[in-house]
Amino acid sequence: MAELRCSGCGRALQKGGLKYIIEIKSFADFDGYLEEYPGDVREGIDELLDAIENVNPESLEEDVYMERTYILCKPCRDRFSDNPFNAAEPLAQGELSKGTLH
Ligand SMILES: [Zn+2]
């Protein structure tokens, strides 16, 4: 079996050692709002179908739903948990989620 390496720092992960699986799922959100199509709807659908035909089905699917799995060592997991999006100024824990999460 190939040697397991941390997706973050590349360090070899020891058999039986502490390691973490990070699963990321992202899917397109729909807020219920549909913009009114400015022209003829039938022409719009034809244009859309033409456009879809020229797009790689995999990338089309990834536009809607994407799933990624990573394996991390503890320091990388901790860093990721504190600031998953590598933001310049990580939000203090719980600051923004107050009042939105129940
Ligand atoms: Zn690491």
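Here are some questions and answers on how a few labels in this predicted model follow from its numbers.

Q: What makes the contact between arginine 5 and glutamate 3 a salt bridge?
A: Look at the distance: the closest N and O atoms sit 3.1 Å apart. The cut-off is a Lys or Arg side-chain nitrogen within 4 Å of an Asp or Glu carboxyl oxygen, so the pair qualifies.

Q: Why is glutamate 3 called exposed?
A: Its relative accessibility comes out at 54%, and exposed means over 50%, so the label fits.

Q: Then why is arginine 5 called partly exposed?
A: Arginine 5 has a relative accessible area of 44%. Buried would need under 20% and exposed over 50%, so 44% falls in between.

Q: How do you know that glutamate 62 and arginine 68 pair up in a salt bridge?
A: Their side chains meet at 3.3 Å, N to O. That's within the 4 Å limit, so it counts. As for cover, glutamate 62 is at 36% and arginine 68 at 32%, so both land in the partly exposed range between 20% and 50%.

Q: What makes arginine 77 and aspartate 78 a salt bridge, and which network are they part of?
A: The N to O distance is 3.0 Å, so the pair passes the 4 Å test. Salt bridges also link Lys74, Arg77 and Asp78 in a network.

Q: Are those two buried or partly exposed?
A: Partly exposed: arginine 77 shows 24% relative accessibility and aspartate 78 shows 27%. Buried stops at under 20%, so neither value gets there. The structure holds four salt bridges in total.

Q: How do you know that helix H2 lies largely in the open?
A: Count its buried residues: of the eight in H2 (residues 57-64), the number is zero, so the helix is largely in the open. For the protein as a whole, buried residues make up 10% of the 102.

Q: What makes asparagine 56 a cap for H2?
A: One of its side-chain oxygens lies 2.8 Å from the backbone nitrogen of glutamate 58, at the N-terminal end of the helix. A polar contact needs N or O atoms within 3.5 Å, so 2.8 Å does the job.

Q: Why can aspartate 50 belong to a surface patch of negative charge?
A: Aspartate 50, found in helix H1 (residues 41-53), has a relative accessible area of 47%. Patch members need over 30%, so aspartate 50 clears that bar. Gathered with Asp50 in the patch are Asp40, Glu43, Asp46, Glu47 and Glu53.

Note on methods:
Residues numbered from 1 in each chain as written. Predicted model: local features only at pLDDT ≥ 70, side-chain atom pairs only at ≥ 80, totals over all residues. Heavy atoms only, no water. Patch = residues over 30% accessible without salt bridge, like charges linked within 9 Å, V, L, I, M, F, W, Y side chains within 5 Å. Areas by Shrake-Rupley, 256 points an atom, 1.4 Å probe, with all protein chains shown as cover. Lys, Arg positive; Asp, Glu negative; His and termini not counted. Charge placed at Lys NZ, Arg CZ, Asp CG, Glu CD. Helix = DSSP H or I, 4+ residues; strand = E, 2+ residues; numbered from the N terminus. Buried < 20%, exposed > 50% of the residue type's maximum accessible area, 1.4 Å probe, protein only. Polar contact = N/O pair within 3.5 Å; in protein donor to acceptor, adjacent residues only side chain to side chain.
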